[in-house]
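Here are a few notes to read alongside the structure. Keep the picture open and find each strand as we go.

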Amino acid sequence: MNVCVFIFVESLFREFIFAETPVRLVEGETEYEGRLEVYKFGKWGTVCDDWLTDKLAAVVCRSLGFPWNTSEVYGHAVYGPGSGPIWLNSVKCEGSEISIDECQHRAWGTHDCKHGEDVSINCSPSDSLIRLVGGNTESEGRLEVYKLGKWGTVCDSVSDKLAAVVCRSLGFPWNTSEVYRNAVYGEGSGPIWLDNVNCEGSEISIDECQHSGWGTHNCKHWMDVSINCSPDDTIIRLVGGDTESEGRLEVYKLGKWGTVCEFSPNDKLAVVVCRSLGFPWNTSEVYGNAVYGEGSGPIWLDDVNCKGSETSIDECQHGAWGSHYCTHWKDVSINCSPDDTLIRLVGGDTESEGRLEVYKLGKWGTVCGDSVTDELAAVVCRSLGFPWNTSEVYGHAVYGPGSGPIWLDDVNCEGSEISIDDCQHREWGTHYCNHREVVSINCSPNDTLIRLVGGDTESEGRLEVYKFGKWGTVCGDSVTDELAAVVCRSLGFPWNTSEVYGHAVYGPGSGPIWLDDVNCEGSEISIDDCQHREWGTHYCNHREVVSINCSPNDTLIRLVGGDTESEGRLEVYKFGKWGTVCGDSVTDELAAVVCRSLGFPWNTSEVYGHAVYGPGSGPIWLDDVNCEGSEISIDDCQHREWGTYYCNHREVVSINCSPNDTLIRLVGGDTESEGRLEVYKFGKWGTVCCESVTDELAAVVCRSLGFPWNTSEVYGHAVYGPGSGPIWLDDVNCEGSEISIDDCQHREWGTHNCNHLEDVSINCSPNDTLIRLVGGDTESEGRLEVYKFGKWGTVCGDSVTDELAAVVCRSLGFPWNTSEVYGNAVYGEGSGPIWLDDVNCEGSEISIDDCQHREWGTHYCNHREDVSINCSPKDTLIRLVGGDTESEGRLEVYKFGKWGTVCDDSVTDKLAAVVCRSLGFPWNTSEVYGNAVYGEGSDPIWLDDVNCEGSEISIDDCQHREWGTHNCNHLEDVSINCSPKDTVVQLVGGATKYEGWVEVYKFGKWRKLSSYGINRKFASVVCRSLGLPWYTSEAYRRHAVYEPADYVGLTNVHCVGNETNIDKCSHRGWRLYSSYSIFSSAYVNCLPGYDTVRLVGGSTKYEGRLEVNYNGTWGTVCDDEINENVSAVVCRTLGLPWATSEVYGGAVYGQGSGPIWLDNVKCEGTEARIQDCQHDAWGTNNCDHTEDASINCLPSRGKTSR
């Protein structure tokens, strides 16, 4: 029977980690209200107001037994700030939770708050009182609300619908009520109760409007809301004008005159204002930028949008009164009867030209040049009575910058308008310009004068034009020889062969740059007829100005700096100066043209870049010269315009009209048939870069020198020493049949991206390579070394396999069938050159020479990667070190004469099985551990990524990285226990024997256990294994600091709850933490409610008067409506028998004293504590101590009298 009851109750029992948290309300006028406090870890603390909603209030009030339907939650410590810890933050409740524990929240004690943000709750709040303060009448003023015993204000994120709700609830008129921001009736004091109030307008009370929550805001008192339930019509006036019908617009509101902000107004506002003032309004105008002077006092309106038919400014759409983002320099002005605008031209040589100025609002000002066209000039000149058919408009203040206001911007005329007023434009005084951009106009422009300056004759020189009384230059952007034709024809000079030049080849000018982007077709009569930017607009400087030659001569050329007159640096004579030619994109066709025009042989002529005959000086005249080879002169070849280039003198062109065959030699070898390859060119010996070379180059060189060439080899990386002087050739590509190196493809002479460390070497008669093994215990093992170019060197371990070991051992006469290759210099690092890298053998080769590899001396290694070989390797020795017995400890292996460790990456218990079996120890239950749980090893880490199937005879048979290769340190050393025992546990540091930190005996000492993965089922296993009550046991995570190697974790632990030991729970192995850290440690309480209830006055521990502890004070429980399930819950909580327990009323074990804490207690029997049962609010009862409840957990068979 007892077993059945146990199973039934356990099936219903709710599982949890943490016990339900006590809560209370403090500092309120009644028990139903106050600051919310929670009891955790032996201390009362508060809750932060982040993410606050009334759903938290519902959960707290219901759990306390108080009314909760209209409960409210408040932020900002409205019942005063608390003290002590802040236990919770970001509490998010659905409203249906039984306890605050079930609401979502951050971890206990985690927050970013202060006590000024403590949460408060009122379970039975009254309706909010409201009033209007500071107005001239009782129906207007600053809105204040009464809450929690204090009057406070409302923040201004509101609309007029709030005014309707407030005025209606106060019994005032509300149809025309208005809401104002920015504390227009003065700033309040005390709390700001509400923010983001959103009313529909039909609410009975402000409480029914949506808002951010009482006391929650991000405002100051200068943002307080005000309301007027019966506002008067707004009074308006115009101030500061010459007449009463013009001036700054001012409105009278709330006892003060203020201004209107000008963001986005239009003339429809002027129509409404002028009509309401009784002034003419058909031609009225509105102006921004305080053109009649800045106002003072408040800015009452912003974003005013009128249709024009309104009878008052009140009827126009606008922002809330007093709400704006302006300053007084944006004040609106209005003129109800504006005069026609006066205009004039100022600063020109005649009255019909000059800077355009307009007269408005009593001041002369200018016009911005943005987007203006000659149609504006036509309108202005016609209205002034000047000729207008050829009138021109200019930007950039060509007649000088003006002063005073800039009245107009973005003026757009069609040309037929009577006045500038009729043209489209921005509102008066609104612009994005400065006086350097103002408009000028010439009603009768003359043809532009031009001249050529700075040349040797009058028909050549820098092009200059005369405009606005000044000589200026022309920018060279995009100009062509068609401009030269127009200019030379208009000046009366020959023009058929005329040329245009950029880059100020006749010297930079001074003064203004009048024209840019000049585009001529060539048939124009004058430069005026060519397309161009507006006068004075450009993106140039005087180093880019245009020059023209109307009668250019053929270009002179010469070759300078060679041994003969038919070779040397190419120079051309232009504009009175000798200059050079850039080597970009040149070919031998240029050499043919130059040599033929100079009368030299040209069939085999060659062109060279990189100033091989020395850099020149002076100008670089030509770049990107492209010849076909049939041209008579270099002038006929395509090229950039004269003087335009992207070079320096180190890149200039040289030419040889009669080149000789190239001389070659081998330097620095032991014999004349080997050494560094050198070639003789331009009077100097130089080297060849090794990029892309093959043995075909060696064949060509050796054959041309008369040496054997069938087995010749080419080497890079200056293996016979780096040369000096120029590097003549790069990217040499030979097929092998060429007569001379000249016949091989290559870059142009002297062009390369190398240094002398990459010089080519050649051996025409190479010997077989010598090899040896160095540093081993025997002659058949050690570091692999090869002899090349007179030096012993090593081999890099990149990509090598045991096939290399087979080739080496066989060629040395050693056994090779089981030979092994190792990387990472396991027999010690070598010195000297690293001769080979990426050696790839198939295993059948006779010599290492026959294996594929990079060219000799080419590698990406250092000596820590040297290859080693063992031709007769032995089985690996293993041992377990540092354990209490010989069958447990750190795994060590013996290799290359040294004991070393194994890295724990990816290891499993199958490795333990292989090791224990090979050592003769039991292996069926063997375990493998990482993290150096038996201590760190020293010296080498021999193995990593060891993967065993479990059936291997030796660790050698398991898959693993090559010996000595790893990405570990000794903190990751593998340990093994061949005969592990069940883990012993204990609870330490608790207040009673039933609770404490969980410690386990592991790896030879007691260690704290990580809380990762623990839950109530884990606690059940721990308590049952210790013989303690376990049914209501709980597990906690708590932080603490531990010494190195005193902390272990059970990875991915999962308990069902009925295991006899924690080893029986599912897990992925033990982990040792070996450094100082703050960890979350496992804490278990087998009787978590033990200190909250007690039985007093009985003859045994199983019986007595029931007492409960609340807020640190013991009190009794009233027997009203109490049932037998209460005794089951209490006895289970105390760890006592409970299946036959009984509950009694009438103080059968004597009357208690102090408070009666609980009444009307109703339990279902599955609760973990009596607090979880239904009951009246703590301390609420209609009892006395004669009704105290008692319990007997193990009653006698006879009846107990009550």
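How many bridges join strand 2 to strand 3, and do they run parallel or antiparallel? Four bridges join strand 2 to strand 3 (residues 43–47), and the two run antiparallel. Keep in mind that this is a predicted model.

1. Let's stay with strand 2. Across the pairing with strand 3, look for Glu37, which sits opposite Thr46. Glu37 also turns up opposite Arg24, so to speak on another pairing: strand 1 (residues 23–27) is joined to strand 2 by five bridges, again antiparallel. Strands 1 and 2 make a hairpin, with five residues in between.

2. Strand 2 has a further antiparallel partner, strand 6 (residues 120–122), through three bridges. Here you can spot Arg35 facing Ser120.

3. Is strand 2 mostly buried or exposed? Seven of its eight residues (strand 2 spans residues 33–40) count as buried, so the rest of the structure largely encloses it. Buried here means under 20% relative accessible area.

4. Now jump along to strand 63 (residues 1103–1110). Seven of its eight residues are buried, so this strand too is largely enclosed by the rest of the structure. Strand 62 (residues 1093–1097) joins it antiparallel through five bridges, with Arg1094 partnered by Glu1107. Five residues separate strands 62 and 63 in their hairpin.

5. Strand 63 also pairs antiparallel with strand 67 (residues 1190–1192) over three bridges, where Arg1105 is opposite Ser1190. With strand 64 (residues 1113–1117) there are four antiparallel bridges, and Tyr1110 has Thr1113 as its bridge partner. The hairpin of strands 63 and 64 has two residues between them, and Asn1111 in the turn has a positive phi of about 55°.

Notes:
Residues are numbered from 1 along each chain as its sequence is written. This is a predicted model: local features need pLDDT of at least 70, side-chain atom pairs count only at pLDDT 80 or more; totals for chains, interfaces and linings use all residues. Side-chain values use heavy atoms; hydrogens and water are left out. Buried means under 20% relative accessible area, exposed over 50%, partly exposed in between (1.4 Å probe, protein chains only). Two strands pair if DSSP finds at least two bridges between them.
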